[in-house]
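Visitor: Please take a close look at the salt bridges in this model. Then follow the chain outward from them to the strands and helices, and say plainly what is there.

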Amino acid sequence: MKHVIIGTAGHVDHGKTELIKALTGQETDRLKEEKERGISIDLGFASFDLPSGRRAGIIDVPGHEKFIKNMLAGVSSVDVVLLVIAADTGIMPQTREHFQILQLLNVKKVVIVITKCDLVEDEWLSIVEEDIREEFKDTIFHDSPLCRVSSKNRMGLEALVEIIDKNTEEVEAKDTEGHFRLPVDRSFSVTGFGTVITGTIISGSVKVGDWIQIYSSMILTKVRGIQVHEKTVEFAEAGQRCALNLANISACEVKRGDVISKENVMEPSSTIDCHFYYLNSAGKPLENRQRLRLYHGTKEILCRAILLDSEGLNPGENAYVQLRLEEFLTSQRGDRFVIRSYSPMHTIGGGVIIEPNAAKARRFDDKYISDVKLKEKGKTEDVLERTIEKNSAEYPDINLIIKSMGRNEENIDNKISQLIDEKKVIKLSSGEKAVFLHKSFINNRIDTLTRLLFKFHRDNSLKHGISKEELKNRLFGKNLKQKNYDELLGILEERNIIRIKNHLISLYEFEVKYTVEQKEIKSLIYHEFYKGELSPPKYEELALKYKDKTSFIMVFEGMLEEGVLVRLNSEVTMSSEHYEKAKTLILKYIKEKGAITVGEARDLLKANRKTAVAILEHFDVLKLTKRLEDKRVLF
C-alpha cells in the first residue's frame with residue numbers, strides 16, 4: 001500500500017491549523033503556549049483518511065518567521081504540500097519564503113489553498129487568485145491546483161479533499177527495500193514505556209525487535225514497540241509517520257535532528273560536498289568561507305561554505321560547494337538541503353548533497369571537482385565501481401560500500417554482480433562476510449607482489465619463497481581476513497602468477513637451482529647429518545668447516561625448506577630420514593607401553609639426552625604427544 005505524507009506551508013495566522021482540524025477533526029496544536037497564543041510554534045501531527053482508502057499522515061508546520069527551522073524539520077519529508085494563503089491578506093513574506101523552501105527541497109506536489117474565503121467578497125477573491133497565479137507563473141508550481149475554502153463554514157472542503165486524493169495517487173512509491181532511515185522530529189519519555197521518538201520513515205522498514213543505531217551518537221538500541229497513527233503495529237515502512245518505543249536509552253540521548261537507521265550503514269561527517277543554488281533573492285554575492293545555517297532533514301547546523309569552483313557566487317548562480325560543518329551530520333547522496341544566512345536569518349539557497357563524507361578539498365582542484373561531478377551525474381554503476389575501487393584497500397563489505405556510496409541504492413547486489421560478471425570486481429567469500437575488490441587494486445598488488453618476490457628470489461636463490469604470513473603483512477595488512485587472503489592467493493595461483501608449497505609463496509616460474517659448488521656443499525652437509533644419525537652435528541661446529549659462510553648458510557637454509565633437514569629447536573637439527581625413524585620408534589613404543597620417559601627415549605634411540613628431549617618436545621608442539629609429569633603419552 002502506498003503511504004503518503006501531507007504537509008502545510010504558509011504565512012503565520014493564515015489558517016493552516018484550522019484547515020487541518022476542519023479536514024480531519026484533529027487538533028495539531030499540542031503545546032500550552034500554542035493554544036494560548038493561537039499560533040503554531042512546533043510541528044503538529046494528524047492522520048487523514050482519504051476517499052480512496054489511503055490513510056495519509058499530516059504534518060502541520062508553524063508559519064511564523066521565528067520558527068522557520070521547525071517548519072523545515074516538518075516539510076523535509078512530505079509528498080504533497082498544502083500552501084495556505086489567507087483570502088483577506090493574500091501573499092505575505094513567509095508565503096514567499098516557504099514557497100522558496102518547497103522549490104529547494106524539490107517538493108513536486110503543491111495544492112494552493114485560499115483560506116478564510118468567508119471573510120471576503122468574490123471580487124476580492126478573484127484579485128487574490130490573479131496575484132497568486134502571477135506570483136507563481138514562472139515556477140514549477142505554475143499549474144498547481146488552486147482551491148477556495150473556509151474552515152469555518154466548510155466551503156470547498158469536499159473539492160479540496162478530492163484534489164488532495166488525486167495528488168496523493170500520483171506520488172511516487174517510496175524505497176521500502178533499502179535500509180531503514182528515519183530523521184527524528186520528537187523525543188520524549190512516556191511513563192511505563194520509556195523513551196519514544198517520532199518521525200517519518202524516508203526509506204526501508206522497521207519491525208519490533210530490530211536493533212537500530214542513533215546517528216550521530218552511534219548508540220545502539222532495540223525497537224520495543226511501534227505505533228502508526230496511534231495504532232500499535234509490528235511493522236512500519238517508508239512513507240509512514242511512526243512512533244518508536246526504544247529500549248535502554250533515555251530521552252535526552254536522542255533528539256530532533258538525529259537519524260535512526262540500521263547499524264553501521266551510515267557515517268556522520270563534518271564535511272559534505274554539494275551542488276548549491278544561490279537564490280536570486282539573496283541580495284548580495286556569497287563569499288568564500290561565509291558562515292551559514294544548514295537545514296537537512298530535521299537538523300539545523302552552522303557551517304562555512306568553501307566555493308570549490310568559483311571565486312564568489314552571485315544571486316541566481318550555482319556552484320560546487322564544500323560545506324564544513326560545526327557539528328556532525330548524517331546524510332546520504334541525493335539528499336536535499338536548505339541554506340539560510342547566519343544573521344539576519346533569511347533563506348538564501350539550497351541544493352543536493354553529492355558526497356556526504358567528504359575529505360577537505362583544495363579550491364579549484366580539477367581532479368577533485370571532476371570526481372564530484374562523476375558522483376553527481378555519473379551512472380549508478382560507474383559511481384559504484386569508483387566507490388569499490390577507492391575502498392578496496394579497506395576490503396569493503398556491502399555495508400562499507402553503501403556507507404561510502406553515501407546513498408542507499410536499490411538493487412545494489414545486482415549491480416555489484418554485474419561488475420563481477422564484467423570482471424571489474426572480484427568477490428571473496430559469500431553472504432554477509434563477502435568482500436569486494438576492484439581489478440585495479442588486484443593488479444596493483446600483483447605488480448607489487450611480483451617485484452617483491454623477484455627481489456627475494458634474487459637474494460635468496462635457494463629458498464622456495466616467502467612465508468604466507470610475511471607476505472600478508474607486507475602487502476595486504478592486518479585488515480584482510482585470513483579466509484579472504486587464502487581465497488585471493490588461490491586466484492593468483494589459478495592465474496599462474498604464484499606457486500604455493502608448504503606455506504611458502506614463490507613466483508610461478510621460479511625453481512630452486514643449486515650451483516655446482518652449492519651442490520657439493522649440500523652433499524657434504526647431508527653426509528655429516530646422515531653419519532651422525534640420532535646424534536647429529538651441531539650447527540656451529542659444522543659451519544666452521546666452510547670458508548664460504550654465505551654459501552653454507554644459503555645451502556643449509558635451503559635444505560631446511562626442502563625438508564631434507566628438520567630443525568627441532570635452535571640447537572638441534574637432524575636429517576629427515578633419521579627424524580622419521582625416531583618418530584616411528586617412539587610412537588610404536590608409546591602404543592605398546594602406554595608412555596615413555598626421556599631416559600627411555602634416549603636408550604631407545606641410542607641418542608644423547610639433549611637430542612631425546614628435543615625430539616619429544618618437538619612431538620609435543622606437533623601434538624603427536626603430550627607431557628604428563630615426567631612421561632609422554634599420545635595426544
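Guide: Asp603 and Arg602 join their side chains in a salt bridge, with 3.3 Å from N to O. The model is a predicted one, and every value below is computed from it. Arg602 is partly exposed, since its relative accessible area of 31% lies between the limits of 20% and 50%. Side chains of opposite charge can pair when their charged atoms come close. The count of salt bridges in the model comes to 35.

A second pair is formed by Arg458 and Asp459, whose side chains also meet in a salt bridge at 3.3 Å, N to O. Arg458 counts as exposed, because its relative accessible area is 55%. Asp459, at 40% relative accessibility, is partly exposed.

The pair of Lys109 and Glu170 has an N to O distance of 2.5 Å in its salt bridge. Lys109 belongs to strand β5 (residues 109-115), while Glu170 sits in the loop between α6 (157-169) and β7 (181-190), so this salt bridge ties together parts that are 61 residues apart in sequence. Glu170 is partly exposed, at 39% relative accessibility. Lys166 joins in as well: Lys109, Lys166 and Glu170 are linked in a network of salt bridges.

That network leads to the strand that holds Lys109. In a regular strand the side chains alternate between the two faces of the sheet. On one side of β5 are Lys109, Val111, Val113 and Thr115, and on the other are Val110, Ile112 and Ile114; all are buried, and both faces are covered. With seven of its seven residues buried, β5 is therefore largely enclosed by the rest of the structure. β5 pairs with strand β4 (residues 80-86) in the parallel sense, over seven bridges. Ile85 has Ile114 of β5 as its bridge partner.

Another buried position is Cys274, in strand β16 (residues 269-278). Cys274 counts as buried because its relative accessibility is 1%. Beyond its neighbours within four places in sequence, Cys274 touches Ala319, Tyr320, Val321, Leu323, Phe337, Val352, Ile353 and Ile354. For Ile354, which is 80 residues from Cys274 along the chain, the C-alpha to C-alpha separation is 4.9 Å. Val321, another of these contacts, stands opposite Cys274 in strand β19. Eight bridges pair β16 with β19 (residues 318-329) in the antiparallel sense. Strand β18 (residues 299-307) also runs antiparallel to β19, joined by five bridges. Val321 in β19 stands opposite Leu307 as well.

Further along the chain there is an open sheet of three strands, in the order β24-β26-β25 and with antiparallel pairing. β24 (466-467) and β25 (498-501) are the edge strands; each has a single partner strand, so one side of each is left without a neighbour in the sheet. β24 is joined by two bridges to strand β26 (residues 504-507), and the two run antiparallel. Within β26, Ile505 stands opposite Ile466. Helix α13 (residues 482-494) lies across β25 and β26, and runs at about 125 degrees to β25.

Next comes a pair of helices. Helix α14 (residues 516-532) and helix α16 (residues 549-562) have axes that come within 10 Å and cross at roughly 65 degrees. The crossing of α14 and α16 is right-handed. From α14, the contact is made by Glu517, Gln518, Ile521, Lys522, Ile525, Tyr526 and Phe529; from α16, by Ser551, Phe552, Met554, Val555, Phe556, Met559 and Glu562. Sorted by type, the residues of this contact are nine nonpolar, two polar and three charged.

Glu562 also gives a distance across the model. Its C-alpha atom is separated by 40 Å from that of Glu432, and the two residues are 130 apart along the chain. Glu432 lies in the loop between β22 (425-428) and β23 (435-438). With a relative accessible area of 75%, Glu432 is exposed, because the limit for that term is over 50%.

Definitions and conventions:
Residues numbered from 1 in each chain as written. Predicted model: local features only at pLDDT ≥ 70, side-chain atom pairs only at ≥ 80, totals over all residues. Heavy atoms only, no water. Axes fitted to C-alpha atoms, helices over the stretch in contact; angles between N-to-C directions. Helix = DSSP H or I, 4+ residues; strand = E, 2+ residues; numbered from the N terminus. Left-handed = near helix turned anticlockwise from the far one by under 90°. Contact = heavy atoms within 4.5 Å. Nonpolar A, V, L, I, M, F, W, Y, C, P; charged D, E, K, R; others polar. Pairing = 2+ DSSP bridges. Salt bridge = Lys/Arg side-chain N within 4 Å of Asp/Glu carboxyl O. Buried < 20%, exposed > 50% of the residue type's maximum accessible area, 1.4 Å probe, protein only.
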